[in-house]
Amino acid sequence: MCAHVLVAEDDEMQAELIRRSLLTEGHTATVVHDGAAAIEAARRLRPDLVVLDLMLPVIDGFGVCRVLRGEDDIPVLMLTARSTEDDVLLGLELGADDYMTKPYSPRELMARIRTVLRRSGRTTEDRQEDTVVRAAGLSVDAVRHEVRCDGAPVDCTPAEFEILLAMIAEPERVFSRRQLLQYTRGLDRASTERAVDVHIMNLRKKIEADPRRPVRLLTVFGVGYKLRGGRA
């Protein structure tokens, strides 16, 4: 059973622990650290499951769950230090599929995730046609973690993959360095905005005919970067 799981957790150490556990189980994971980013990522990536912390900044987990339930039937597993009966009942009334309280065992969390995925039937084997995004001669498969450029495979680091996945989902959108950094925070907490420039430079070496004169991955001076070309 392979799935793409969105992890919305503001504690970066907890988020990284969950991400690594998911990878060990054979899943792929996207990590965000606030409620607004969770809603945006869920709309963009259409994950198989959302692991949702309740105490998120910007929009709390209850608000995120309310929005997701109004738009889709993505399974939600709530994860929180709040364990009062009222909190549990509110989470379930909003449509959460399961509820775990902190501290928790990573093994139990993975078992709960397997159960929710099995019950929902939203594993990637059932909807592989949704996993590939194409634009600008590139294709990115979020589930298989594969990138192709003009049909040829491209070997990307995890951070490069997350940046490219974000940009290919919204070609022509200009991303700031800070926005792109958000997609790599779960991979390397020591990253800085300047590290994004290095990832972009390395990506250009892999997807541009002439990295010094890029035609796909463009710099928007004073703002950030964008991927040129419409979705295919």
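This passage describes a helix pair, the start of a helix and several salt bridges in a predicted model. Local features need pLDDT of at least 70 and side-chain atom pairs pLDDT 80 or more, while totals for chains, interfaces and linings use all residues. Residues are numbered from 1 along each chain as its sequence is written, and side-chain values use heavy atoms, without hydrogens or water.

Helices α6 (residues 158–169) and α8 (residues 193–207) pack at about 80°, their axes 10 Å apart; helices are DSSP runs of H or I with at least four residues, strands E runs of at least two, numbered from the N terminus. Axes are lines fitted to C-alpha atoms, for helices over the stretch in contact, with angles from 0 to 180 degrees between N-to-C directions. The two helices α6 and α8 are therefore roughly perpendicular (65 to 115 degrees).

Turning to α3 (residues 61–71), G61, F62, G63, V64, C65 and L68 are buried (under 20% relative accessible area, with exposed over 50% and partly exposed in between; 1.4 Å probe, protein chains only). At the start of α3, a side-chain oxygen of D60 lies within 3.2 Å of the backbone nitrogen of F62.

The whole structure holds 18 salt bridges (a side-chain nitrogen of Lys or Arg within 4 Å of a carboxyl oxygen of Asp or Glu). One of them joins R19 and E16 at 3.0 Å, N to O, and both residues are buried. Another pairs D53 with K102, with 3.3 Å between the closest N and O atoms. This pair connects distant parts of the chain, 49 residues apart, with D53 in strand β3 and K102 in the loop between β5 and α5. D53 is buried at 2% relative accessible area, whereas K102 is partly exposed at 25%.

Technical notes: Parallel < 35°, antiparallel > 145°, perpendicular 65-115°, else oblique. Polar contact = N/O pair within 3.5 Å; in protein donor to acceptor, adjacent residues only side chain to side chain.
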